[in-house]
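Colleague: I'm new to this one, and I'd like to learn how to read it. Could you walk me through it?

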Amino acid sequence: AYGAAASTIPINCFDRLAASPGGSIKKQPNIIFILADDLGYGNLGSYGQKLIKTPHLDQLAQEGTRFTQCYAGSPICAPSRNVLMTGQHLGHTRLRGNHAKIGGIGPEGRVAIELGNITVSEVLKKAGYVTGVSGKWGLGEPQTTGIPTKQGFDEWLGYLNQDHAREHFPEFLWQNDDILYMENNKGLNKKTYSQDVFTDFAMNFIRRHKDTPFFLYLPLTIPHGPHDKLSIPNTDPYSNRPWKIKEKIFAAMISYMDADVGRILSLLQELKLDEDTIVFFSSDNGGLKTFDERFDNNGPLRGHKGDLLEGGIRVPMIVKWKNRVKEGKVSNAVWYFADFLPTVAELAGISPPSDIDGIS
């Protein structure tokens, strides 16, 4: 029903300048998808937030198209990411929850996507793209078929497991198929913030592959909790606000992420890649109820993360592609995460798998 409903609504977010007379894109664009973790519909200034500062993401919305009716793949983490990566809705994806009801891997009952599940990265590799991912993967445990390097990604650095991703100053991360130890985070020493590691990966990846079409997927871990002193280096610029400490931390995480998005966008301009790169920014599901009183996380929407209500599944979505995606537009077109794969497949000039549910 999701796909059928969406297929009747023309999106028309791409300017006619993007296409040749035959309708195809003249040049394969670089593709960046930045995914926040537990960011609510109302947590950005461009979506009505009054207290949390998000100047770079607000500028992204001014320079691109802001969608008001984009839906995540699920109201919770792993299945939502599975929908994004495979173009299939929850009736067809392998992961339908963060844990298996029966079976699964380890005491947490994790489920891994299989080799037969074709991902957006595998599709884009066939079109000649270099592919990289950094952040929280959540679709496969170590030594399973679900790890990123077995799902079409050339380069990978981050957390495989959702619970591990709650450690924002981790003692180790996964780099490709190996463990990368964070020496500065052993014991009581907590100096290396994982968000910095992911942003550095992104900057380095873009610099190294600036002359080749690339797909960069950044499933970040913030502003997901726990919202304690080990969730962020400091609470600036909110340290002096008369708020609860968790509220300061939550707001600071969003502003920290916003600044890192600004660094990535500035790099694209510096390398003169902004006209050749389409940037997507969204969240994996709706916002938490915890911070509603202070920040009105989901704005006018009813429900929160975990709910199959608008507040659990409708998410911010901003898309920018200079001179291609219309600037300053607000679109109420209805679409969802499964539509990402066929959309970028068409932009790359390649056919998507035949068994997906999304549409371009």
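Modeller: Let's start with the whole chain and then go to one strand and one residue.

Modeller: First, a caution: this is a predicted model, so local features need pLDDT of at least 70 and side-chain atom pairs count only at pLDDT 80 or more, while totals for chains, interfaces and linings use all residues. Residues are numbered from 1 along each chain as its sequence is written, and side-chain values use heavy atoms, with hydrogens and water left out.

Colleague: How many helices and strands are there in the chain?

Modeller: Helices (H or I, at least four residues) and strands (E, at least two) are DSSP runs, numbered from the N terminus. Here the chain has nine helices and 11 strands.

Colleague: What does the radius of gyration say about the chain?

Modeller: It is taken over C-alpha atoms, and the globule rule is 2.2 Å times the number of residues to the power 0.38. For 360 residues, a compact globule would come out near 21 Å, and the chain's 19 Å agrees with that. The C-alpha atoms fill a box of roughly 60 × 45 × 40 Å along the principal axes.

Colleague: How much of the chain counts as buried?

Modeller: Buried means under 20% relative accessible area, exposed over 50%, and partly exposed in between (1.4 Å probe, protein chains only). Of the 360 residues, 57% count as buried.

Colleague: Which strands does E4 pair with?

Modeller: Two strands pair if DSSP finds at least two bridges between them. Strand E3 (residues 130-136) runs parallel to E4, with five bridges joining them. On the other hand, E4 and strand E5 (residues 172-175) run antiparallel and share two bridges. For single partners, valine 133 is bridged to tryptophan 156 in E4, and glycine 158 to tryptophan 174 in E5.

Colleague: Is E4 (residues 155-159) mostly covered or mostly open?

Modeller: Mostly covered: five of its five residues are buried.

Colleague: And tryptophan 174, is that residue buried or exposed?

Modeller: Tryptophan 174, which sits in strand E5, is buried because its relative accessible area is 15%.

Colleague: Which residues does tryptophan 174 touch?

Modeller: Contact means heavy atoms within 4.5 Å. Leaving out residues up to four places away in sequence, tryptophan 174 touches Pro142, Trp156, Leu157, Gly158, Leu160 and Ile179. As for C-alpha distances, tryptophan 174 and isoleucine 147 are 27 residues apart along the chain, with 9.9 Å between their C-alpha atoms.
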